[in-house]
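Me: Let's go through this one together, piece by piece. Please explain each term the first time you use it.

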Amino acid sequence: MNARRLLAPTLRSASAVTLAAGGYIHAQLYVDEYRFIHIIGPLFLLQASASFALAVLLLMGTPPLLLRAAAAGVTLGALAGFTASRTVGVFGFTEHGLQPAPQALLSLLTETGTLLLLSVWQVTVTRQHRAARTPVRTPIRERATN
């Protein structure tokens with residue numbers, strides 16, 4: 001088995017692991033502190049649940065584009081919430097810097113890693129599909145010589 005054939009399953013597995021890790025961090029924060037925060041607590045639980053579900057679906061096989069897009073959407077949502085909570089606030093909730101430590105930093109790393117892996121995976125799949133297609137050649141009509 002060559003390296004190209006191993007790349008897609010490796011990226012799929014790595015994406016699932018980082019997605020689940022981000023979900024675990026959000027679940028841990030929900031249980032430890034955030035479940036008592038109005039609206040924010042349930043959003044942390046929703047993000048953790050979606051991350052775990054998508055990680056399982058990613059591991060089940062090569063998913064269609066829609067599943068990779070959903071995983072990227074959940075990840076982007078987590079990063080957007082992180083950014084908003086440290087700038088303008090989210091539903092009246094604000095945080096500062098990389099608090100709570102170390103979960104804030106770990107979450108940033110896993111979410112960024114997930115997006116990077118999903119992007120590389122998408123590029124790989126696109127290139128494989130292009131390489132698998134046979135080029136279309138139009139027949140050259142030969143002129144009859146008189």
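**From the helices to the core**

Me: In which helix is leucine 46 found?

Reply: First, this is a predicted model, where local features need pLDDT of at least 70, side-chain atom pairs count only at pLDDT 80 or more, and totals for chains, interfaces and linings use all residues. Residues are numbered from 1 along each chain as its sequence is written, and side-chain values use heavy atoms, with hydrogens and water left out. Helices are DSSP runs of H or I with at least four residues, strands are runs of E with at least two, and both are numbered from the N terminus. Leucine 46 falls within residues 40-59, and that is helix H2.

Me: Is leucine 46 buried or exposed?

Reply: The cut-offs are under 20% relative accessible area for buried, over 50% for exposed, and partly exposed in between, using a 1.4 Å probe and protein chains only. Leucine 46 has a relative accessible area of 54%, so the verdict is exposed.

Me: Which residues make the nonpolar surface patch of about 380 Å²?

Reply: Patches take residues with over 30% relative accessible area and no salt bridge, joining like charges within 9 Å and nonpolar side chains (Val, Leu, Ile, Met, Phe, Trp, Tyr) within 5 Å. The areas come from the Shrake-Rupley method with a 1.4 Å probe, and for residues only the protein chains shown count as cover. In this patch you'll find Ile39, Leu43, Leu46 and Phe91.

Me: Phi of phenylalanine 91 is a positive value; what is it near?

Reply: Phenylalanine 91 sits in the loop between H3 and H4. It counts as exposed because its relative accessibility is 59%. It isn't a glycine, yet its phi is positive, near 50°.

Me: And what value is phi of isoleucine 39 near?

Reply: Isoleucine 39 belongs to the loop between H1 and H2. With a relative accessible area of 30%, isoleucine 39 is partly exposed. Here again a residue other than glycine has a positive phi, this one near 70°.

Me: How many helices does the protein chain have?

Reply: Reading from the N terminus, the elements go α-α-α-α. There are zero strands, and the helix count is four.

Me: Which helix supplies the largest share of the largest nonpolar core?

Reply: A nonpolar core is a set of buried Ala, Val, Leu, Ile, Met, Phe, Trp, Tyr and Cys residues joined through side-chain atoms within 4.5 Å. The largest one has 16 residues, and the members touching the most others are Leu19, Leu54, Leu58, Ala71, Leu118 and Trp121. Helix H1 (3-32), H2, H3 and H4 each put in at least two residues. The largest share of this core is five residues, from H3.

Me: Beyond its neighbours within four places in sequence, which residues is leucine 54 in contact with?

Reply: Contact means heavy atoms within 4.5 Å. Setting aside neighbours within four places in sequence, leucine 54 touches Leu19, Leu67, Ala70, Ala71 and Val74.

Me: How many residues are in the second, separate core?

Reply: Among its members are Ile25, Ile40, Val90 and Phe93. The full count for this second core is eight residues.

Me: Which residue forms a salt bridge with arginine 86?

Reply: A salt bridge needs a side-chain nitrogen of Lys or Arg within 4 Å of a carboxyl oxygen of Asp or Glu, and the count comes to one. Arginine 86 is found in helix H3 and is buried because its relative accessible area is 19%. Its partner is buried too. The closest N and O atoms are 2.9 Å apart, and the partner is glutamate 95.

Me: The side chain of arginine 86 reaches which backbone oxygen at 2.5 Å?

Reply: A polar atom of the arginine 86 side chain lies 2.6 Å from the backbone oxygen of glycine 97. At 2.5 Å, the backbone oxygen reached is that of glutamine 99.

Me: Which residue does a cis peptide bond join to glutamine 99?

Reply: The residue in question is in the loop between H3 and H4. Another cis peptide bond joins alanine 101 and proline 102, with omega about 0°. For glutamine 99, omega is also about 0°, and the partner is proline 100.

Conventions:
A polar contact is a pair of N or O atoms within 3.5 Å; within protein, one must be able to donate a hydrogen and the other to accept it, and residues adjacent in sequence count only if both atoms are side-chain atoms.
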